[in-house]
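Please open the structure in your viewer and keep the selection panel at hand. The tour below proposes what to select at each stop and describes what is found there.

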Protein chains: 2
Amino acid sequence: MADGAPTTARKSDATRTLILDTALRLFADRGYERTTMRGVATEAGVSVGNAYYYFDSKEHLVQGFYDRISELHVQASRAVLDTETELGARLHGVLSAWLDIATPYHRFGPQFFRNAANPESPLSPFSPESAPARELAIGVLREVADGSAAKMDPKLRPELPELLWIYQMGIVLYWVHDRSAGQRRTRALLDRTVPLIDRAVGLSRLRVMRPLIAEAVSVVNDLLYPEPPAH
Amino acid sequence: MADGAPTTARKSDATRTLILDTALRLFADRGYERTTMRGVATEAGVSVGNAYYYFDSKEHLVQGFYDRISELHVQASRAVLDTETELGARLHGVLSAWLDIATPYHRFGPQFFRNAANPESPLSPFSPESAPARELAIGVLREVADGSAAKMDPKLRPELPELLWIYQMGIVLYWVHDRSAGQRRTRALLDRTVPLIDRAVGLSRLRVMRPLIAEAVSVVNDLLYPEPPAH
DNA sequence: AGTCACTCCTGAACACGTTCAAAAACCTCC
DNA sequence: GGAGGTTTTTGAACGTGTTCAGGAGTGACT
């Protein structure tokens, strides 16, 4: 080391950031599979073992990518939520914003999301490690619902954010598989399904729908959320 | 080789089956990750290279699992479809049968769904290579719907099998992530959501629902199925 | 029998993700 | 400034999926 700069910041953080930045650059450069831990280490000027000191596995490096996207999405959503008032417009705006942000990464998306579907991976959207990011996303959708004047079965309201999150996962799954130019098919899917959601929410007030909604909400409460500790 | 049996059947097929059987046994035994190609080869009494002569990769062994499960499921479904007449009972029976068959392999379910989310893998349920298995599964669900006397919006009927297939994918996703003993939570999910589906199908006849159904069916037709060639 | 072509099979070798014992650097307190 | 302890860094080594140059078996035709 031939620099005399009086670095007062923690060396540790600098190394960690250096490794993560290098990794994300190589991921974007050559894709996930073709990026090796040795390559990341060499490019960053550290040893392989050092990369593993900061990141438990190659997959854990991708977590940084997710965090970055989440943060950008929350920001972009705020702009939408501050201007739109109708449920449909709010939902469409928020999901469109996600697509806008994720588009540059679409060609590497498959490699990233491949691991996301593995329940044993910490990158799974259902994993405990992803809980903060998940809560964040659901929080945005809660704002989408609660900030609108949409009328609905009052029993539906508390669980609507979770249901919308499931809907969002479906959109993302479609997006990952979407081979059309600029993922225009996903845009079309959004354009056409958001109004469907909107109308379905409205219909939840119908008397015939009430018991159906009540049971659906109950199922979500009983089986979707209360993940048992299981340790 | 110390056996003098005059094997007249094609040696090739026997070896292939031997390797696949051994692999599936080890998968069920110790799970996907902890099963090694060397282990499969040793256990089957062949060389590693030989396993690769018949299967392009470790993942391709999973395709064998996929095919076998599909076949068993079609058989088991037939029994259900021959005895049950109500839509709910038929759907529940068919999906229960799937769970019955898949239970021994729950441990390597993660691998199963990893492929589902990787659009580049030929093992993805959405890939052209999986088309036959997919058609088979949708065919069973078409029988589920058409063989029942359930009344519904006539516009819904032709697309109901595809929609039920999506529902089934959701159940499988939940199952893969289900950590409860014997996956009883997935059973509970089935017990409670099948009646919901059943009632929702019935409600499709309501006048207020018609335009919603029509648009949903149209979306499925336009965006879900017609995968462009893109080669 | 000899030759040719083809299918089936072998195991050493390669690149990768990951681990680990030990070294180096850093810090704190005397 | 030195002793002791903690944090950070190293790189060889391990087990894995996969490849590949070639060997063995098999059958057909001369």
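How many nonpolar, polar and charged residues does the surface near DNA strand D have? The model on display is a predicted one. In it, the surface near DNA strand D has six nonpolar, eight polar and four charged residues.

**First stop: DNA strand D**

Select DNA strand D together with the 18 residues that surround it. The closest are A:Ser12, A:Tyr54, B:Arg38, B:Tyr52 and B:Lys58. Sugar and phosphate account for 57% of the strand D atoms that come within 4 Å of the protein.

Next, display individual atoms. On A:Thr15, a polar side-chain atom lies 3.1 Å from a phosphate oxygen of DNA strand D. At A:Ser47, a polar backbone atom is 2.8 Å from a phosphate oxygen of the strand. Then select B:Arg38, where a polar side-chain atom lies 2.7 Å from a base oxygen of DNA strand D.

Now colour the elements that give two or more residues to this surface: helix H1 (11–30) and helix H3 (48–54) of chain A, and helix H2 (37–44) and helix H3 (48–54) of chain B. The largest share, four residues, comes from H3(A).

**Second stop: DNA strand C**

Select DNA strand C, which is surrounded by 18 residues. Here the closest are A:Arg38, A:Tyr52, B:Ser12, B:Ser47 and B:Tyr54. Of the atoms of DNA strand C within 4 Å of the protein, 58% belong to sugar or phosphate, and the rest belong to bases.

On chain A, a polar backbone atom of A:Thr35 is 3.3 Å from a phosphate oxygen of DNA strand C. The side chain of A:Lys58 has an N or O atom 2.8 Å from a phosphate oxygen of this strand. On chain B, select B:Asn50: a polar side-chain atom lies 3.2 Å from a sugar or linking oxygen of DNA strand C.

The elements that give two or more residues to the surface near DNA strand C are helix H2 (37–44) and H3 of chain A, together with helix H1 (11–30) and H3 of chain B. Which helix gives the largest share of this surface? It is H3(B), with four residues.

**Third stop: the two protein chains**

Finally, select chains A and B. Chain A can be laid on chain B with an RMSD of 1.1 Å by a turn of 179 degrees and a shift of 0.2 Å along the axis. The two copies are thus related as by a two-fold rotation axis. To locate this axis, select A:Ala117, whose C-alpha comes closest to it among the residues of chain A, at 2.9 Å. Of the interface residues of chain A, 95% are also interface residues in chain B, so the copies meet through the same surface.

Definitions and conventions:
Residues numbered from 1 in each chain as written. Chains lettered and ligands numbered in written order. Predicted model: local features only at pLDDT ≥ 70, side-chain atom pairs only at ≥ 80, totals over all residues. Heavy atoms only, no water. Least-squares fit on C-alpha atoms with pLDDT ≥ 70 in both. Contact = heavy atoms within 4.5 Å. Near = heavy atom within 4 Å. Polar contact = N/O pair within 3.5 Å; in protein donor to acceptor, adjacent residues only side chain to side chain. Nonpolar A, V, L, I, M, F, W, Y, C, P; charged D, E, K, R; others polar.
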